[in-house]
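Me: I am new to this structure and would like to go through it step by step, with each term explained when it comes up. Could you show it to me before we begin?

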Amino acid sequence: MSEQIQQEATLPHSEQIDQLATALALAQRKMPACRKDSKNPHLKSRYTDLTELVDATRPVLTEQGLSVVQSTRTEPGTGRLLLVTMLMHNSGQWLRGEAPVESVPTKGINASQALGSALTYMRRYTYGAMIGAVSEEDDDGHAAAPLTQQGKPRSSAPSRRQDRPNRVEGGGSR
């Protein structure tokens, strides 16, 4: 099997991805919605942390011969830190994505702590995007919508979907 990267692809991948694509589709079919188990006190919102995301999705990924590896590299020329996320299948097929990691030191934490926080944030988002994971709630872009005169976001978001069962709590289903 050739390890040649398809240069024209937006998402670099092995020469063939048919087995990986089939396995990912089967995994996504069984993938639970992840619980938003953490709170962001600054934005007064809830989110799925990295541990919950991995714990909820790893069993269905491994059942289909899939694994995810995340690492960093420095971009030549710019020195910018990039997070590299690879989705691999036991056939040897793979997909790879890269995302810049940007951090700004804030009061009370040093530069390394700020970088660690930014890296964890990006790991969570790129891992979820690579495998197609979703959280229990989706605000349909509500938080990113333009503000009304009262300072609240405009939204035509429908009520929470009820056509998909929630994740089963407890036991070995995670």
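Reply: Helices are DSSP runs of H or I with at least four residues, strands are DSSP runs of E with at least two, and both are numbered from the N terminus. This is a predicted model, in which local features need pLDDT of at least 70 and side-chain atom pairs count only at pLDDT 80 or more, while totals for chains, interfaces and linings use all residues. Residues are numbered from 1 along each chain as its sequence is written, and side-chain values use heavy atoms, with hydrogens and water left out.

Me: Which pattern does the chain follow when read along the sequence?
Reply: The chain has three helices and five strands. Taken in sequence order, these elements give the pattern α-β-β-α-β-β-β-α.

Me: What pLDDT does the chain average?
Reply: The term pLDDT stands for the predictor's confidence in each residue, on a scale from 0 to 100. In this chain 65% of the residues score at least 70, and the average is 78. Over residues 155-174, however, the pLDDT is below 50. The average asked for, over the chain, is a pLDDT of 78.

Me: How far apart are the end C-alpha atoms of helix 3, and why does that agree with its number of residues?
Reply: The expected span of a helix is 1.5 Å times one less than its number of residues. Helix 3 covers residues 111-131, which is 21 residues, so it should span 30 Å, and this agrees with the distance between its end C-alpha atoms, 30 Å.

Me: Which residue caps the N-terminal end of helix 3?
Reply: A polar contact is a pair of N or O atoms within 3.5 Å; within protein, one must be able to donate a hydrogen and the other to accept it, and residues adjacent in sequence count only if both atoms are side-chain atoms. At the N-terminal end of helix 3, the backbone nitrogen of Ser112 lies 3.0 Å from a side-chain oxygen of the capping residue, Asn110.

Me: Is Tyr127 buried or exposed?
Reply: Buried means under 20% relative accessible area, exposed means over 50%, and partly exposed lies in between, with a 1.4 Å probe and protein chains only. Tyr127 lies in helix 3. Because its relative accessible area is 5%, Tyr127 counts as buried.

Me: Which side chain does a polar contact of 2.9 Å join to that of Tyr127?
Reply: Contact means heavy atoms within 4.5 Å. Leaving aside neighbours within four places in sequence, Tyr127 is in contact with several residues, including Leu53, Val54 and Leu61. The polar contact of 2.9 Å joins the side chain of Tyr127 to that of Thr57.

Me: Which helix supplies the largest share of the largest nonpolar core?
Reply: A nonpolar core is a set of buried Ala, Val, Leu, Ile, Met, Phe, Trp, Tyr and Cys residues joined through side-chain atoms within 4.5 Å. The largest one has 17 residues, and among those touching the most other members are Leu24, Leu66 and Tyr127. Helix 1 (18-30), helix 2 (50-63) and helix 3 each supply at least two residues, but the largest share, five residues, comes from helix 2.

Me: How far apart in space are Gln16 and Gln93, C-alpha to C-alpha?
Reply: Gln16 is found in the segment before helix 1, and with a relative accessible area of 41% it is partly exposed. Although Gln16 and Gln93 are 77 residues apart in sequence, their C-alpha to C-alpha distance in space is 6.5 Å.
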